[in-house]
Amino acid sequence: MKILLVDGTVLGRKTGAILQQIEEYIQDLAPNFELEIMYFSEYEHQIVDGTPLNDSMKAMVAKFEEADAYIIATPIFQASIPGVLKNAFDMLHPKTMRYKPVSIVANGGTYQHHLVVENQLKPILDYFRALVTPNYVYTHTTHFNADNKIIDEGVQDRLRELARVFVQYCAMSDTLCKEAIDE
């Protein structure tokens, strides 16, 4: 299975650090998975305005289309997901993520911002008909040291559990027909 771990921001390092930790946990559980971290900071983003996509955005969309499952990582800025992440979703065909497993991790500066996952990100993924795992992990800036390493054991435990459930969702989805009835 091709797993795309999406660092859904062009700013900061914490979401990338979370994905690197999850990548280790998934590799331990499913060494046959092909894992790739997509850092949005490595792409030349453009606004969805009806003009043809540039080569960088075409490459990003292709990675989404080729993936069998996703881990979406997002910071919470101004009580919302970053515009660059929403813009990326806007570039995808509605059936790109259909019936594919997705887990969510997020981080923010206040503990209340975890609700952004419930109120903004999950509805977008539901629109895509993705198989969203029931357990997401929200981190706070205090869960990291100065080098952006996760130092909170509770967060580590939740990330391990997220990886375990994600791998199980991948196994369940493997035989699920991805073809849509409503072509």
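## The largest pocket

Sorted by chemical character, the residues lining the largest pocket fall into 5 nonpolar, 7 polar and 5 charged. This is a predicted model, so please read each value here as computed from the predicted atoms. The lining has 17 residues, and those nearest the centre of the pocket are Arg13, Gly16, Ala17, Gln20 and Asn148. The volume of the largest pocket comes to about 240 Å³.

Which helix gives the most to this lining? The answer is helix H1, made of residues 14-29, which supplies 5 residues.

## Asn148, beside the pocket centre

Asn148 deserves a second look, as one of the residues nearest the centre of the largest pocket. You will find Asn148 in the loop between strand E6 (137-140) and helix H5 (153-173). Its backbone has a phi near 60°, a positive value in a residue other than glycine.

Is Asn148 buried or exposed? With a relative accessible area of 17%, Asn148 is buried, because the cut-off for buried is under 20%.

## Tyr99, another positive phi

Tyr99 also has a phi near 60°, again a positive value in a residue other than glycine. Tyr99 sits in the loop between H3 and E4. Its relative accessible area is 25%, so Tyr99 counts as partly exposed.

## Asn107 and its neighbours

Moving along to strand E4 (residues 101-108), we meet Asn107. Why does Asn107 count as buried? Because its relative accessibility is 7%, and the cut-off for buried is under 20%.

What does Asn107 touch, leaving out residues up to four places away in sequence? Its contacts are Lys14, Thr15, Ile18, Thr74, Pro75, Ile76, Tyr138 and Thr139. One of these, Lys14, has a further contact to show you: Lys14 lies over the face of Phe144, at 5.6 Å from the ring centre.

## Aromatic pairs

The structure holds 3 aromatic pairs. In one of them, Phe89 and Phe128 are tilted, with 45° between the planes and 5.9 Å from centre to centre. Phe89 belongs to helix H3 (residues 83-91), while Phe128 is in the loop between helix H4 (115-127) and strand E5 (131-132), so this pair ties together parts that are 39 residues apart in sequence. Tyr127 and Phe128 make an edge-to-face pair, because their planes are at 70°, with ring centres 5.5 Å apart.

Together, Phe89, Tyr127 and Phe128 form one aromatic cluster. How do its members stand in terms of exposure? Phe89 is buried at 3% relative accessibility, and Phe128 is buried too, with a relative accessible area of 2%. Tyr127, on the other hand, is exposed, with a relative accessible area of 54%.

## The buried residues of H3

Phe89 has company in its helix: the buried residues of H3 are Val84, Leu85, Asn87, Ala88, Phe89 and Met91. What covers these buried residues? The cover includes helix H2 (55-66), strand E3 (69-75) and H4.

Notes:
Residues numbered from 1 in each chain as written. Predicted model: local features only at pLDDT ≥ 70, side-chain atom pairs only at ≥ 80, totals over all residues. Heavy atoms only, no water. 1 Å grid on protein atoms, 1.4 Å probe; cavity = no way out; pocket = protein on both sides within 12 Å on 5 of 7 lines; lining within 4 Å. Points joined across faces, edges and corners; volume = space filled by probe spheres on them. Helix = DSSP H or I, 4+ residues; strand = E, 2+ residues; numbered from the N terminus. Nonpolar A, V, L, I, M, F, W, Y, C, P; charged D, E, K, R; others polar. Buried < 20%, exposed > 50% of the residue type's maximum accessible area, 1.4 Å probe, protein only. Contact = heavy atoms within 4.5 Å. Phe/Tyr/Trp six-rings, centres within 6.5 Å; stacked < 30°, edge-to-face > 60°. Lys NZ or Arg CZ within 6 Å of the ring centre and 35° of its normal.
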